[in-house]
Amino acid sequence: MLEGAFFISAALLLYHYALYPALVIACARLVRRPLPPLPATWPRVSLVIAAYNEERVIAEKLRNTLALEYPKDRLEVIVVSDGSDDATEAIVRSLAPQGVVSLYEPQRRGKTAALNRAVKCASGDIVVFSDANNDFAPDAIRKLVRHFGDPRVGGVCGAKRIKPAAERESSVGDGLYWRYESAVKLAESRLGTITNADGEIFAMRRSLYQRVPEYIINDDAQITLDLIKQGYRARYEPEARSYEFASIHIRDDFHVKARMVAGGFQTLAENAAVLFPLRSWFAWAFFSHKTLRWLAPIFLILMFAASAALSAELLYRTALAAQLGFYGLALAGYSRIGRGTLPAATYVPFYFTTMNLAALWGLLRFLRGSQTVQWRKAQR
């Protein structure tokens with residue numbers, strides 16, 4: 001049993017982190033998907049910005065939005081401010097003469113409720129979701145919208161890029177993670193559909209939006225699954241770029257990751273009929289890309305415990321030594337956080353271990369039912 005736990009855990013981790021990405025990327029290279037022609041008339045777009053106490057960044061976000069290279073008479077800008085008790089609402093209202101629509105409610109009900117309210121009020125054929133702390137490249141909306149010339153496409157996800165900032169503890173790790181995600185998403189898109197859109201930059205046909213229950217934590221995952229259930233695809237467009245800074249402190253990334261993993265297990269429970277058993281390509285891809293990532297800390301614990309229990313044998317003693325060395329480097333990285341830039345030899349183990357501890361904490365939150373739809377804002 002211990003040997004089985006060790007080898008199954010090791011195999012699933014290897015498959016998730018290396019074999020699945022390599023497989024889908026290799027297969028995607030055999031597929032060519034020509035872009036549909038540019039539309040004769042650009043569709044009307046509603047850009048929805050979800051904001052909660054964003055007085056420090058909302059003015060810059062709206063300046064960036066109003067400068068986007070999209071026909072002004074075809075772009076509606078909506079800021080949905082849910083429970084903000086700072087100057088966010090006043091800043092948004094001051095830009096009403098430039099066409100910015102403010103949807104403000106004093107009660108904080110969570111981002112999902114805010115998005116439902118915003119889409120209900122939107123008038124565009126296409127809805128583009130965004131956050132308050134990111135900037136779009138000037139041509140981002142054009143790059144997203146051009147895919148809707150394909151009637152099979154229900155949504156298009158853009159690429160999230162992390163602005164370099166050596167003083168931010170999460171910058172290097174987030175940057176590496178999102179480059180990895182971009183490669184996998186592009187491959188999945190070429191093979192059919194991505195498994196999960198990113199709420200920072202995601203466009204969809206408004207007519208396909210289904211009201212998301214307010215208790216849902218990961219609204220972007222649920223919206224993606226709703227598109228798949230309706231028979232549509234979600235594409236990835238790496239040239240439609242969104243830029244943002246990473247969290248200043250790694251502890252903020254920890255809490256964000258924990259919340260997202262708690263929401264991930266909720267997504268599995270809510271959509272089990274679509275995701276299990278693994279009968280479709282989408283279900284298999286979701287399991288390989290997302291489910292195994294959320295389960296990774298369990299496999300890491302099992303592999304460590306099994307190798308420790310079987311350490312009398314050379315194979316398992318070697319595996320245990322390798323794991324202890326890796327976690328020792330992670331601990332060394334932790335001890336030096338806030339004291340200058342970490343070398344890759346300690347930063348990578350530290351970031352990997354921290355994010356898997358966060359995933360474990362997220363699983364515990366889900367099992368206890370203690371994760372709410374309200375999120376802890378990261379300091380940026």
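Select Phe129 to begin: at 4% relative accessibility, this residue counts as buried. The model is predicted, and residues are numbered from 1 along the chain.

Next add Tyr209, which is also buried, with a relative accessible area of 14%. Both residues fall in the buried class because that class takes in relative accessible areas under 20%. Now show the two rings. The centres of Phe129 and Tyr209 are 6.2 Å apart and the planes stand at 45°, so this pair is tilted. Colour by chain position and the pair is seen to link distant parts of the chain: Phe129 belongs to strand S4 (residues 126–131), while Tyr209 sits in the loop between strand S7 (201–205) and helix H7 (219–229), 80 residues apart.

Keep S4 on screen and bring in strand S1 (residues 45–51). S1 and S4 are parallel partners, joined by six bridges. For one of the contacts, pick Ser46, whose bridge partner in S4 is Val127.

How many of the seven residues of S1 are buried? Seven of the seven are, so the cut-off of under 20% relative accessible area holds along the strand. Show the side chains to see that both faces are covered: Val45, Leu47, Ile49 and Ala51 lie on one side, with Ser46, Val48 and Ala50 on the other.

From S1, move to strand S2 (residues 75–82). S1 and S2 run parallel and are joined by seven bridges. Ala50 stands opposite Val80 of S2. Helix H2 (residues 58–66) completes a right-handed β-α-β unit with S1 and S2.

Continue to strand S3 (residues 100–105), which pairs with S2 in the parallel sense over six bridges. Val79 has Ser102 in S3 as its bridge partner. Follow the chain from S2 through helix H3 (residues 88–94) to S3; this β-α-β crossover is right-handed.

Two charged side chains over rings come next. Select Lys61 and Phe136: Lys61 lies over the face of the Phe136 ring, at 4.3 Å from its centre. Then select Arg108 and Tyr52, where Arg108 lies over the ring face at 3.8 Å from the centre.

Return to the aromatic rings, for which the count comes to 19 pairs. One of them is Tyr15 with Tyr20, a tilted pair at 6.1 Å centre to centre with 55° between the planes. Tyr15 is buried at a relative accessible area of 19%, and Tyr20 is buried at 1%.

For the last stop, select Tyr17, Phe304, Phe326, Tyr327 and Phe352, which ring pairs link into a cluster.

Notes:
This is a predicted model: local features need pLDDT of at least 70, side-chain atom pairs count only at pLDDT 80 or more; totals for chains, interfaces and linings use all residues. Side-chain values use heavy atoms; hydrogens and water are left out. Rings of Phe, Tyr and Trp (its six-membered ring) pair if their centres lie within 6.5 Å; planes under 30 degrees apart count as stacked, over 60 as edge-to-face and the rest as tilted. Buried means under 20% relative accessible area, exposed over 50%, partly exposed in between (1.4 Å probe, protein chains only). Helices (H or I, at least four residues) and strands (E, at least two) are DSSP runs, numbered from the N terminus. A charge sits over a ring if NZ of Lys or CZ of Arg is within 6 Å of the ring centre and within 35 degrees of the ring normal. Two strands pair if DSSP finds at least two bridges between them. A crossover is right-handed if, with the strands pointing away from the viewer, the path from the first strand over the helix to the second runs clockwise.
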